[in-house]
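Reader: I would like to go through this structure with you. Could we begin with the helices and then turn to the interior?

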Amino acid sequence: MSEQFGFRQPTLEKRSYLPKLVFIETTVACNLSCLHCRRTTTSPKEQLHTEEIMRLIEELVEVGKPVLVFSGGEPLLRDDIFELVRHANSLGLITCMATNATLMTKEMAAEVKASGIKRCAVSLDGPSADVHDAIRGVKGAFERTVTGIKNLLSCGVEVQINITLTRTTKPYLRPMHQLAKALGAVALHVFLLVPVGCGAQLADTEMMTPHECEEALEELCELMFLGELPIRATCAPHFYRIVAQKGLMNLLAGQQSRLSSFTRGCLAGTGVCFISQSGDVMPCGYLPIPAGNIRTQSFSEIWHHSKLFEVLRDCTLLEGKCGVCEFKDICYGCRARAYFATGNMMAQEPLCAYEPKGFLQSAKGFNE
């Protein structure tokens, strides 16, 4: 496998890793047509059955009791979704849901609350209908999503707002921060575009340059410093390098909770994993390389013994700037974007503008 995907064999002894956050793609069915969607298929024919997900949930309990996120597609389109949620909660797991909230009527929000969902992550890609609806592909999506958020909050369900950062949405970072506060969200999570699935079509037009990315993450750091709303950057690991450079790591750590825990930038395969609708276990939802499949292996076997995860857990295998960067332990670079750009998931982060001291020194020595 290592040769197939362009990375070297791991060299470090195995350490003990436990999953902190597990995403289950309960279905690929969705009522929206988002331009940046990471889905690699829209056919639900291989979807895991109820009993298969029930068994998976039971296996998760035995491997560290991670926070479990029911994702999609749109998970509310799955008939047994609340049965699955209740089963997870009955076994002591903290459960969350990633939803576009357009189907979140008052009645549905009440059922979400009753099932035991702790938090819903709801995506908003702009502070107005003209921005959000254009990205989501359905007119009226913004109004329905905002209504859904209000319905969830009125039922006592926490809401975190997610925004995908692209060239189009970059100017709306501060307005989105204001909107999240005004709505009563408990956190704002900012995702940096990874061009996978449907989102691959945006690579040429919507991917920011490293300089533009640095500007956006600097602005995000300023918003975090205000302390008005907990902020997390996802698929933007160099945000944590910027935070460290500004001496704000303690401030960031103080804003985290178990539902938005901080260890380092990229957690793919070390603290996070994604399970597709057909049972493939992948490092994250944006890195579509299977480490195994729960239909043929136990989750524990895949998590602890996958060669793919073993490679991701060895920082000595990072290449290019990432390999010599003094901030690699808290950043690690986005392995999914590296894979998209080069076919090698351990290559350097393509959207990082920082020039590590070690990289500059090695380049100087080479030139001499």
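Author: The following exchange covers two helix pairs, the nonpolar core and one buried residue. This is a predicted model, in which local features need pLDDT of at least 70, side-chain atom pairs count only at pLDDT 80 or more, and totals for chains, interfaces and linings use all residues. Residues are numbered from 1 along each chain as its sequence is written, and side-chain values use heavy atoms, with hydrogens and water left out.

Reader: At what angle do α8 and α9 pack?

Author: Helix α8 (residues 210-226) and helix α9 (residues 238-245) pack at about 60 degrees, and their axes are 10 Å apart. Axes are lines fitted to C-alpha atoms, for helices over the stretch in contact, and angles run from 0 to 180 degrees between N-to-C directions. Helices are DSSP runs of H or I with at least four residues, strands are runs of E with at least two, and both are numbered from the N terminus. The two helices α8 and α9 are therefore oblique to each other; angles under 35 degrees count as roughly parallel, over 145 as roughly antiparallel, 65 to 115 as roughly perpendicular and the rest as oblique.

Reader: Which residues of α8 and α9 make the contact?

Author: From α8 they include Leu-217, Cys-221 and Met-224, and from α9 they include Phe-239 and Ile-242. Contact means heavy atoms within 4.5 Å. The residues of this contact divide into 8 nonpolar, 1 polar and 3 charged. Here Ala, Val, Leu, Ile, Met, Phe, Trp, Tyr, Cys and Pro count as nonpolar, Asp, Glu, Lys and Arg as charged, and the others, Gly among them, as polar.

Reader: And how are α4 and α5 arranged?

Author: Helix α4 (residues 129-136) packs on helix α5 (residues 141-154) at about 100 degrees, with axes 8 Å apart, and the two are therefore roughly perpendicular. Ala-129, His-132, Asp-133 and Arg-136 of α4 meet Ala-141, Phe-142 and Thr-145 of α5.

Reader: Now the interior. How many residues are in the largest nonpolar core?

Author: That core has 95 residues, and those with the most contacts inside it include Phe-239 and Phe-309. Such a core is a set of buried Ala, Val, Leu, Ile, Met, Phe, Trp, Tyr and Cys residues joined through side-chain atoms within 4.5 Å. Helix α8 gives the most to it, with 7 residues.

Reader: Is Met-282 buried or exposed?

Author: Met-282, in strand β9 (residues 280-282), is buried, because its relative accessible area is 10%; buried means under 20%, exposed over 50% and partly exposed in between, with a 1.4 Å probe and protein chains only. Beyond its sequence neighbours up to four places away, Met-282 touches residues including Cys-273, Leu-287 and Phe-309.
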